[in-house]
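Visitor: Could you take me through one part of this model in detail? I'd like the annotated binding site, and then whatever surrounds it.

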Amino acid sequence: MKVLYFLVSILALTSVSFAYDPSPLQDFCVAIKDPKDGVFINGKFCKDPALVKAEDFFKHIEPANPVNALGSQVTPIFVDQLFGLNTLGISLARIDFAPKGLNPPHIHPRGTEILTVLEGTLYVGFVTSNQDKNRLFTKILNKGDVFVFPIGLIHFQLNVGYGNAVAIAGLSSQNPGVITIANALFKSDPLISDEVLTKAFQVDKSIVDYLQGQTWYDNN
């Protein structure tokens, strides 16, 4: 009987060890009953290995022009831009900053970010979750410095120097996703109800209407 209990325990543990959901690579993937109606999978379909070329793993990045309302421009190299990244679990982005330029508060729902400064001086930071009392971690980064932004946490980068700045961000997903906080709250389609936003921010409706009427720039 003890042997039977032992075998049952082992089987239970084995079942648990394989009972997990892989990390999603898009915002959602709704199940369907008929496969012929399927239009997307968790990732990309794979190219025939016999047809793969070096170009599938290559991408040249030009410096971006950060002349816009934010003073920054992000050039993503995710799986949509470089197909060779498919299934590899990594990607990167180049961020160009004008003087005083900002990469505004945003999150990557599917990836941790590690950022290194190639040129200039950046003030960077992230905010922890509610359970951790929304603590703010910040640092001034100079050329050669590296900083990590944990997955799913709000973070930002501000050029505090007097010249241009450049940074490279590595991300732990081929499609980490980007949600810019201001855009998501005040530029959603359709717009979030005034009643929700006025109560959430404890402000008058006129302020919410003003914010929703602004042009929210997307630097990605």
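Guide: Here is a walk through the annotated site, followed by the sheet, the core and the salt bridges.

Bear in mind that this is a predicted model. According to UniProt, in an unreviewed entry, the feature "binding site" sits at His 106, His 108, Glu 113 and His 155. Those positions are spread over 50 residues of sequence, yet they cluster in space, with a largest C-alpha distance of 11.7 Å. Of these residues, His 106, His 108 and Glu 113 are included in the lining of the largest cavity. The "binding site" annotation, again from an unreviewed UniProt entry, also covers Asn 103, His 108 and Glu 113. For that set, the cavity lining includes Asn 103, His 108 and Glu 113.

Let's take the residues in turn. His 106 belongs to strand β3. Its relative accessibility is 4%, and buried means under 20%, so His 106 counts as buried. Leaving out residues up to four places away in sequence, His 106 touches two other annotated positions, Glu 113 and His 155. Its contacts also include Leu 153, Ile 154 and Gln 157, along with a run made up of Val 178, Ile 179, Thr 180 and Ile 181.

His 108 sits in the loop between β3 and β4. With a relative accessible area of 6%, His 108 is buried. Beyond its neighbours up to four places away, His 108 also touches Glu 113 and His 155. The rest of its contacts are Ile 151, Gly 152, Leu 171, Pro 176, Gly 177 and Val 178.

Glu 113 is part of strand β4, and its relative accessible area of 2% makes Glu 113 buried. If you set aside neighbours within four places in sequence, Glu 113 is in contact with His 106, His 108 and His 155. Glu 113 also contacts Phe 147, Val 148 and Phe 149, then Gln 157, then Ala 169, Gly 170 and Leu 171.

Now step out to the sheet that holds β3. This is an open sheet of five strands in the order β6-β5-β8-β3-β10, with antiparallel pairing. Its edge strands are β6 (136–141) and β10 (179–180), each pairing on one side only. In general, strands of a sheet pair through backbone hydrogen bonds, either parallel or antiparallel. Strand β3 covers residues 102–107 and runs antiparallel to β10, joined to β10 by two bridges. Ile 107 in β3 has Ile 179 in β10 as its bridge partner.

Just ahead of β10, have a look at Ser 173, in the loop between β9 (165–171) and β10. Ser 173 is buried, at a relative accessible area of 4%. Not counting residues up to four places away in sequence, Ser 173 touches Leu 25, the stretch Gly 89, Ile 90 and Ser 91, and the pair Arg 110 and Gly 111.

Next comes the packing. The largest nonpolar core has 16 residues, and among them Leu 115 and Leu 122 touch the most other members. The elements giving two or more residues to this core are β2 (91–97), β4 (113–119), β5 (122–127), β7 (146–149) and β9. Leu 115 and Leu 122 touch each other. Contacts of Leu 115 that lie beyond four places in sequence also include Ile 95, Leu 141, Asp 145, Val 146, Phe 147, Phe 149, Gln 157, Ala 167, Ile 168 and Ala 169. Phe 147, Phe 149, Gln 157 and Ala 169 come up again here: they are contacts of Leu 115 and of Glu 113 too.

Last, the charged pairs. The structure holds five salt bridges. One of them joins the side chains of Arg 94 and Asp 96, at 2.9 Å from N to O, and both of these residues are buried. Another links Asp 56 to Lys 47, with the closest N and O atoms 3.1 Å apart. Lys 47 is partly exposed, with a relative accessible area of 44%. A further bridge is formed by Lys 205 and Asp 209, at 2.6 Å from N to O. Both lie in helix α4 (residues 205–212), four residues apart, or about one turn of the helix. Lys 205 is partly exposed at 45% relative accessible area, and Asp 209 is partly exposed at 32%. Asp 194 comes in here as well, linked with Lys 205 and Asp 209 in a network of salt bridges.

Note on methods: Residues are numbered from 1 along each chain as its sequence is written. This is a predicted model: local features need pLDDT of at least 70, side-chain atom pairs count only at pLDDT 80 or more; totals for chains, interfaces and linings use all residues. Side-chain values use heavy atoms; hydrogens and water are left out. Two strands pair if DSSP finds at least two bridges between them. Buried means under 20% relative accessible area, exposed over 50%, partly exposed in between (1.4 Å probe, protein chains only). Contact means heavy atoms within 4.5 Å. A nonpolar core is a set of buried Ala, Val, Leu, Ile, Met, Phe, Trp, Tyr and Cys residues joined through side-chain atoms within 4.5 Å. A salt bridge is a side-chain nitrogen of Lys or Arg within 4 Å of a carboxyl oxygen of Asp or Glu. UniProt positions are given in the numbering used here, feature names are shortened, and annotations may be inferred rather than shown by experiment. On a 1 Å grid over the protein atoms alone, a cavity is a set of points where a 1.4 Å probe fits but cannot get out, and a pocket is an open set with protein on both sides within 12 Å along at least five of seven lines; lining residues have an atom within 4 Å of a point.
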